[in-house]
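Trainee: I am new to this structure, and I would like to understand how each label given to it is justified. Could we go through the reasoning together?

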Amino acid sequence: MRKEKNIPQVSEAEFLVMKVLWEKSPLTSPEIIEVLRPKTNWNPKTIHTLIGRLIRKGAIGADKNSFPKKLYPLVTEEQYRKEETKYFLQKLYNGSLKRLVASFVEDEQISKEELEEIKKLLEGKEEK
């Protein structure tokens, strides 16, 4: 179902590593571990495994000229978010944005303020 070849699919755990690198990069593995350990209680070996997977998937790169290696994202957060949104929409709503919005409206999970903001966004899109 994934269409964009340069946007790798990442697990929930790998996503947490990506979030750290999107917030600040480049970082070394020890720096990533320092950020994630208090939030996750994962041991360093687990985090190293996740970093290795992300490198193999092409989600992050490593500067081999630095020691320790500096790691950085190869995919922007915006690129990833757009691809995940398309995937989610296709998987759960057969690609229908209308069905997604209807689901939120019917379940009363969308406030009047959010509806107004959505209307403004749509009206702005129509003007272009």
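Mentor: Let us begin with Leu122, which has a relative accessible area of 52%; exposed means over 50%, so Leu122 is called exposed. Please keep in mind throughout that this is a predicted model.

Trainee: Where does Leu122 lie, and what does Leu122 form together with Leu97, Val101, Val105, Leu115 and Ile118?

Mentor: Leu122 has its place in helix 6, and with those five residues, Leu97, Val101, Val105, Leu115 and Ile118, it forms a nonpolar patch on the surface, whose accessible area together is about 450 Å². Helix 5 (97-106) and helix 6 (112-127) are the elements that give two or more residues to this patch.

Trainee: Why is Glu12 called exposed?

Mentor: The relative accessible area of Glu12 is 68%, and the label requires over 50%, so Glu12 counts as exposed. Glu12 belongs to helix 1, and its C-alpha atom is separated by 14 Å from that of Phe88, a residue 76 places away along the chain.

Trainee: How do you know that the length of helix 1 agrees with what a helix should span?

Mentor: Helix 1 (residues 12-23) has 12 residues, and at 1.5 Å a residue these should span 16 Å. The expected span takes one less than the number of residues, and because the end C-alpha atoms are 17 Å apart, the two values agree.

Trainee: Which residues of helix 1 are buried, and what do they pack against?

Mentor: The buried residues are Glu14, Val17, Met18, Val20, Leu21 and Trp22. The buried residues of helix 1 pack against helix 2 (29-40), helix 3 (44-57), strand 1 (60-63), strand 2 (70-73) and helix 4 (77-93).

Trainee: What makes Trp22 and Tyr80 an aromatic pair, and why is that pair called tilted?

Mentor: The structure holds four aromatic pairs, and in the one formed by Trp22 and Tyr80 the distance is 5.7 Å centre to centre, with 45° between the planes. Ring centres must lie within 6.5 Å to pair, while planes under 30 degrees apart count as stacked and over 60 as edge-to-face; the values of Trp22 and Tyr80 therefore make a pair that is tilted. Trp22 lies in helix 1 and Tyr80 in helix 4, so the pair ties together parts that are 58 residues apart in sequence. Both residues, Trp22 and Tyr80, are buried, and with Phe15 they form one aromatic cluster.

Trainee: What is said of the backbone of Asn41 and Asn94, and are these residues buried or exposed?

Mentor: Asn41, in the loop between helix 2 and helix 3, has a phi near 65°, which is a positive value in a residue other than glycine. Asn94, in the loop between helix 4 and helix 5, also is not a glycine and has a positive phi of about 55°. The relative accessible area is 70% for Asn41 and 55% for Asn94; with exposed meaning over 50%, Asn41 is therefore exposed, and so is Asn94.

Trainee: Where are the cis peptide bonds that precede Pro26 and Pro68, and what are their omega values?

Mentor: The peptide bond from Ser25 to Pro26 is cis, with omega near 0°, and Pro26 is found in the loop between helix 1 and helix 2. Phe67 and Pro68 are likewise joined by a cis peptide bond, with omega about -5°, and Pro68 lies in the loop between strand 1 and strand 2.

Technical notes
Residues numbered from 1 in each chain as written. Predicted model: local features only at pLDDT ≥ 70, side-chain atom pairs only at ≥ 80, totals over all residues. Heavy atoms only, no water. Helix = DSSP H or I, 4+ residues; strand = E, 2+ residues; numbered from the N terminus. Buried < 20%, exposed > 50% of the residue type's maximum accessible area, 1.4 Å probe, protein only. Contact = heavy atoms within 4.5 Å. Phe/Tyr/Trp six-rings, centres within 6.5 Å; stacked < 30°, edge-to-face > 60°. Patch = residues over 30% accessible without salt bridge, like charges linked within 9 Å, V, L, I, M, F, W, Y side chains within 5 Å. Areas by Shrake-Rupley, 256 points an atom, 1.4 Å probe, with all protein chains shown as cover. Salt bridge = Lys/Arg side-chain N within 4 Å of Asp/Glu carboxyl O.
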